Amino acid sequence: MKATELLKKQHREVKALFRQAKKADAEERREILDQIEEKLTHHMHIEENVFYPAVRELGTKKTDELVPEAYEEHEVVKLVLGKFPELDPEDERFEAKMTVLDELIQHHVEEEESEMFQSAERLGDARLKELGAQMEAMPPGGEDEALDEDEDEDEDEDEEDDADEMQAGTDDDSEDEHVRRASAPKGRRGGATP
Ligand SMILES: [Fe+2]
Ligand SMILES: [Fe+2]
């Protein structure tokens, strides 16, 4: 399945769950919201790790704008999702927050499907199918594990960076110095000729 088809299918599933949640009573609402959270977390994970980087590679003016915006919108979705555990489904704020989340996602999905997926077509069918297969192979619920791995990797990278800096410290400094020198004369000239 093409990556864009797989993602659209997941968009439809979440939309259907929101429709169900609106009709549900308080107890069911919590259960449905848990399902929404699970699906969205996985969906955002595969987009952020597979699909968005591939679209970003296109490097057009449009994708250079759309992809960073999409990451930011995911951040907002995650923020709102994180508020639910502390809320009682009977509380009116629960339903209000759910409506806000639904609208947020509708807007995001619309932008993805009408703009980003259109750009993604430039990747070609074969590449889109390859990306789709890659995303399908990522198991739902594996996000936490992947997150831990990422953190470990980051730590390793930080250590490597530190080591590199120690070894090549002078190079880095000279680069900074170069930037400082390039920007400093303007100010100095301004000061010298009042
Ligand atoms: Fe997204
Ligand atoms: Fe999406």
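Read along the sequence, the chain runs α-α-α-α-α-α-α. The model is predicted: local features need pLDDT of at least 70, side-chain atom pairs count only at pLDDT 80 or more, and totals for chains, interfaces and linings use all residues. Residues are numbered from 1 along each chain as its sequence is written, chains are lettered from A and ligands numbered from 1 in the order in which they are written, and side-chain values use heavy atoms, with hydrogens and water left out.

**Exercise 1. The chain as a whole**

Task: Find how many helices and strands the chain has, and what share of its residues is buried.

Solution:
- Step 1: Helices (H or I, at least four residues) and strands (E, at least two) are DSSP runs, numbered from the N terminus. The chain has seven helices and zero strands.
- Step 2: Buried means under 20% relative accessible area, exposed over 50%, and partly exposed in between, with a 1.4 Å probe and protein chains only. Of the 194 residues, 34% count as buried.
- Step 3: Contact means heavy atoms within 4.5 Å. Among contacts with a separation of 6 or more, 77% come from residues 24 or more positions apart.

**Exercise 2. The iron ion (ligand 1)**

Task: List the protein donors of the iron ion (ligand 1) and see which parts of the chain they tie together.

Solution:
- Step 1: Donors are N, O and S atoms within 2.8 Å of the metal (3.2 Å for Na, K and Ca); water is not among the atoms, so sites may look incomplete. Here they are Glu47 (OE), Tyr52 (OH), His74 (NE2), His108 (NE2) and Glu112 (OE), at 2.1 to 2.5 Å from the ion.
- Step 2: Written as a spacing pattern, these donor residues read E-x4-Y-x21-H-x33-H-x3-E.
- Step 3: Glu47 belongs to helix α2 and His74 to helix α3 (residues 61-81), so this pair ties together parts 27 residues apart in sequence. Glu47 and His74 are both buried.

**Exercise 3. The iron ion (ligand 2)**

Task: Describe the site of the iron ion (ligand 2) and its link to the iron ion (ligand 1).

Solution:
- Step 1: The protein donors are His11 (NE2), His43 (NE2), Glu47 (OE) and Glu112 (OE), lying 2.1 to 2.2 Å from the ion.
- Step 2: Four donors count as tetrahedral if all angles lie between 85 and 135 degrees; four count as square planar and six as octahedral if opposite donors are over 155 degrees apart and all others between 65 and 115; anything else is irregular. The angles among the four donor atoms here are 84 to 174°, and the site is irregular.
- Step 3: The two iron ions, ligand 2 and ligand 1, are 3.2 Å apart, and Glu47 coordinates both. His11 in helix α1 (residues 3-23) and Glu47 in helix α2 (residues 26-56) are 36 residues apart, a pair that links distant parts of the chain.

**Exercise 4. Thr4 and Pro139**

Task: Decide whether Thr4 is buried or exposed, then do likewise for Pro139.

Solution:
- Step 1: Thr4 sits in helix α1. Its relative accessibility is 5%, so Thr4 counts as buried.
- Step 2: Beyond its neighbours within four places in sequence, Thr4 is in contact with Phe51, Phe117, Ala120, Glu121 and Leu128.
- Step 3: Pro139 is placed in the loop between α5 and α6 (143-167). With 54% relative accessibility, Pro139 counts as exposed.
- Step 4: From Pro139 to His42 is 97 residues in sequence and 8.3 Å in space, C-alpha to C-alpha.
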